[in-house]
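Reader: Hello! Could you take me through a single part of this model closely, with the cut-offs behind each term?

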Amino acid sequence: MEIWKRMLFFITPLFFLVSCSNDEQVVENKISLFQEKNIYEIMQPAKTNVSRGLILSNINNILDVTEIEQGLMELSVNHFSTNKFYMQEGQYLDENIISQWLDRKSKEGFGLNPSIKDSTGDVVKDQKNNPRILSHVLEHNFINKENGKLDGISLAISLNEFYDFRVTDDKGLVHTGQVKVDSNDDNVNDVENYGKEISEVIIKNIRNNNKIPNVPIYLTLYQESNINGILPGIFLAETFIPEGDRIDKWTDIDIKNYTFPSDSLYSLDKGTYDKLLIFKEDIQKFFGHLNPKISGKLRYQNGELIDLKLDVNVPLINDPELIGLLQLTGDKLNTVLVDYLPIPITITFTDLNQNVGIIIWDPIKKQLYARPI
């Protein structure tokens with residue numbers, strides 16, 4: 001819970017809203033493993049990723065960029081302890097290596113994306129019939145705190161669910177389009193299967209590169225969302241290779257994101273949806289003159305809600321109104337949600353896309369803090 005301790009350390013409470021009884025016991029199995037673990041200290045002096053900037057050009061949705069970077073760190077803690085290792089941005093997979101992997105397969109090259117098979121002569125049809133699947137490879141390094149040596153590498157293989165292309169025909173005309181990579185209704189994720197296939201090649205390439213130390217590798221597959229998606233993609237599977245170049249076993253990852261309000265959340269978890277709806281309507285009732293817009297993002301792991309983030313948008317709110325809104329929201333959070341959801345909850349208040357306030361519920365300390373920003 002160091003991440004929460006640090007957050008609460010930097011957030012001086014404007015007013016203390018609630019402190020639940022110490023006799024109550026937190027339901028530990030509903031708290032994300034991510035939240036129970038410390039965050040990594042960054043190896044100093046900090047170094048930038050050797051493929052810096054490439055991720056932004058390879059991954060189209062900024063939500064995916066954030067999700068894959070943060071998610072890889074969170075998943076890595078199960079293999080590289082935050083007590084024993086510093087984290088460092090990737091120092092071995094440079095732009096040249098990654099770009100070669102992103103090429104289409106050929107007899108001469110190292111490309112891992114599907115080649116153009118049975119070309120039709122129509123560049124648009126060829127792209128749609130042979131979508132690129134591999135989008136990016138993100139690398140994190142883990143440095144032993146005692147000796148300062150590299151002792152582990154984590155990789156996230158980012159894969160397209162939708163392939164967005166831009167091609168030029170022989171007349172110089174530019175064509176753009178999008179195609180869903182897995183268009184079959186056979187309950188088989190072709191994207192995931194392809195990711196597992198090319199992961200074998202990536203590990204072999206890394207082990208054969210004498211510039212990269214032979215250390216344990218944690219590897220996960222990430223499937224990106226649509227370019228205009230309002231939620232990030234999902235991690236599909238993970239594996240750990242302590243030595244050698246063979247992947248012996250894959251483990252499924254069941255982490256999914258939902259928005260509130262949405263039909264998908266209602267179908268998945270009606271109880272939580274109804275609680276959030278009550279919370280939303282209470283806020284809107286008492287501050288109707290501000291016309292607050294309330295939305296949320298929820299994360300589920302193995303079917304259990306593990307994290308909740310809400311946004312309260314209140315255009316042109318003044319300082320006294322903000323104080324009153326923080327007080328009311330804290331009270332409603334305590335009476336409506338806290339007992340029902342023993343998980344970390346963060347509520348941000350925005351005015352014309354600018355953060356003006358924040359509330360944080362810490363289920364371990366059972367404390368609620370709020371302050372304007």
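Author: Happy to; what follows is a look at a helix pair and the strands that come alongside it in the sequence numbering.

This is a predicted model, in which local features need pLDDT of at least 70, side-chain atom pairs count only at pLDDT 80 or more, and totals for chains, interfaces and linings use all residues. Residues are numbered from 1 along each chain as its sequence is written, and side-chain values use heavy atoms, with hydrogens and water left out.

Let's begin with the helices. Two packed helices are described by the angle between their axes and the distance between the axes. Here, helix H9 (residues 270–286) packs with helix H10 (residues 319–338) at an angle of about 155°, and their axes are 10 Å apart. Helices here are DSSP runs of H or I with at least four residues, strands are E runs of at least two, and both are numbered from the N terminus. Axes are lines fitted to C-alpha atoms, for helices over the stretch in contact, and angles run from 0 to 180 degrees between N-to-C directions. H9 and H10 are therefore roughly antiparallel, a label for angles over 145 degrees. Their crossing is right-handed, meaning that the near helix is turned clockwise from the far one by less than a right angle.

Which residues of H9 and H10 meet? On the H9 side they are Lys275, Leu276, Ile278, Phe279, Asp282, Ile283 and Phe286; on the H10 side, Leu325, Leu328, Thr329, Lys332, Leu333, Val336 and Leu337. Contact means heavy atoms within 4.5 Å. Ten of the residues in this contact are nonpolar, one is polar and three are charged. In this scheme Ala, Val, Leu, Ile, Met, Phe, Trp, Tyr, Cys and Pro are nonpolar, Asp, Glu, Lys and Arg are charged, and the others, Gly among them, are polar.

Now for the strands. Strand E11 (residues 293–301) and E12 run antiparallel, joined by nine bridges; strands pair if DSSP finds at least two bridges between them. Isoleucine 294 has valine 312 in E12 as its bridge partner. The two strands form a hairpin with two residues between them, and asparagine 302 in that turn has a positive phi of about 55°.

Strand E12 (residues 304–313) is mostly covered, with seven of its ten residues buried, that is, under 20% relative accessible area with a 1.4 Å probe and protein chains only. E12 is also joined to strand E13 (residues 345–351) by six bridges, and these two run parallel. There, leucine 310 has isoleucine 347 in E13 as its bridge partner.

Notes. Parallel < 35°, antiparallel > 145°, perpendicular 65-115°, else oblique. Buried < 20%, exposed > 50% of the residue type's maximum accessible area, 1.4 Å probe, protein only.
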